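Colleague: Let us go through this one residue by residue, then the strands and the cores. Please show it first.

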Amino acid sequence: MSEITLNLAVLRGHLSRAPEEVALASGDLLVRYEVTVPRADERADTVPVVAVGPPAHARGLEPGTEVVVVGRTRRRFWSAGGATRSQVEVLATDVVPARRRAGCTRALARALRQTSASDGVKAGPARAAMS
């Protein structure tokens, strides 16, 4: 029997600040986002998100824009001042303004298809995830 693994992150929240673009040595463009996700009767969670080579509509978003983020979590390590530091962040495959419901649905459906193809789990319709 094969082991099923899953690393899928889906966030819906508001951009806390403007996206930050960083040109990588490889020539790729990395965009950093900070997404604040409200929680009922609790403090909101602010989640760091990065995307490599996102489309233009995902780069020019304004602070306060409500977005849907689909991707996976990762823990990144680096050295700073002689100490090893780390941060957990979402590596986004899609950052879509929430007002673009069709784009959000496509991003979720694509993630569910990839997940079900890799682990043999049958995925339901993405539209249910948007309710």
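**Exposure, pairing and packing**

Colleague: What is the relative accessible area of Arg-12?

Modeller: Arg-12 is partly exposed. Buried means under 20% relative accessible area and exposed over 50%, with partly exposed in between (1.4 Å probe, protein chains only). The value for Arg-12 is 37%.

Colleague: What is the mean pLDDT of the chain?

Modeller: This is a predicted model: local features need pLDDT (the predictor's confidence in each residue, from 0 to 100) of at least 70, side-chain atom pairs count only at 80 or more, and totals for chains, interfaces and linings use all residues. Numbering starts from 1 along each chain as its sequence is written, and side-chain values use heavy atoms, with hydrogens and water left out. Of the residues, 86% reach 70 or more. The mean is 85.

Colleague: Over which residues is the pLDDT below 50?

Modeller: Where pLDDT is low, predicted coordinates should not be read in detail. The stretch has 16 contacts (heavy atoms within 4.5 Å) beyond near neighbours in sequence. It covers residues 121-131.

Colleague: Which residue of strand 3 stands opposite His-14?

Modeller: Strands are DSSP runs of E, at least two residues long, numbered from the N terminus. Two of them pair if DSSP finds at least two bridges. Strand 1 (residues 9-15) runs antiparallel to strand 3 (residues 29-39), with 2 bridges between them. Opposite His-14 stands Thr-36.

Colleague: How many bridges pair strand 1 with strand 5?

Modeller: Strand 5 spans residues 66-80, and its pairing with strand 1 is antiparallel. Ala-9 stands opposite Gly-71 there. The number of bridges is 6.

Colleague: Why does the salt bridge of Arg-12 and Glu-66 tie together distant parts of the sequence, and how many residues apart are they?

Modeller: A salt bridge is a side-chain nitrogen of Lys or Arg within 4 Å of a carboxyl oxygen of Asp or Glu. In this pair the closest N and O atoms are 2.9 Å apart. Arg-12 is in strand 1 and Glu-66 in strand 5, so the tied parts are separated in sequence by 54 residues.

Colleague: Which residues does the side chain of Arg-39 meet in salt bridges?

Modeller: Arg-39 is partly exposed at 35% relative accessibility. One partner has its closest O atom 1.9 Å from the nitrogen, and the other is at 2.9 Å. The partners are Glu-42 and Asp-45.

Colleague: Is Glu-89 buried or exposed?

Modeller: Glu-89 belongs to strand 6 (residues 83-97). Its side chain makes polar contacts with the side chains of Arg-74 at 2.8 Å and Arg-76 at 3.2 Å. A polar contact is a pair of N or O atoms within 3.5 Å; within protein, one must be able to donate a hydrogen and the other to accept it, and residues adjacent in sequence count only if both atoms are side-chain atoms. At a relative accessible area of 3%, Glu-89 is buried.

Colleague: Which strand gives the most residues to the largest nonpolar core?

Modeller: Such a core is a set of buried Ala, Val, Leu, Ile, Met, Phe, Trp, Tyr and Cys residues joined through side-chain atoms within 4.5 Å. This one has 17 residues, and those touching the most other members include Tyr-33 and Val-95. Strand 1, strand 3, strand 4 (42-52), strand 5 and strand 6 each supply at least two. With 4 residues, the top contributor is strand 3.

Colleague: How many residues form the second core?

Modeller: This core is separate. Its members include Val-96, Ala-98, Ala-107 and Leu-108. The count is 8.
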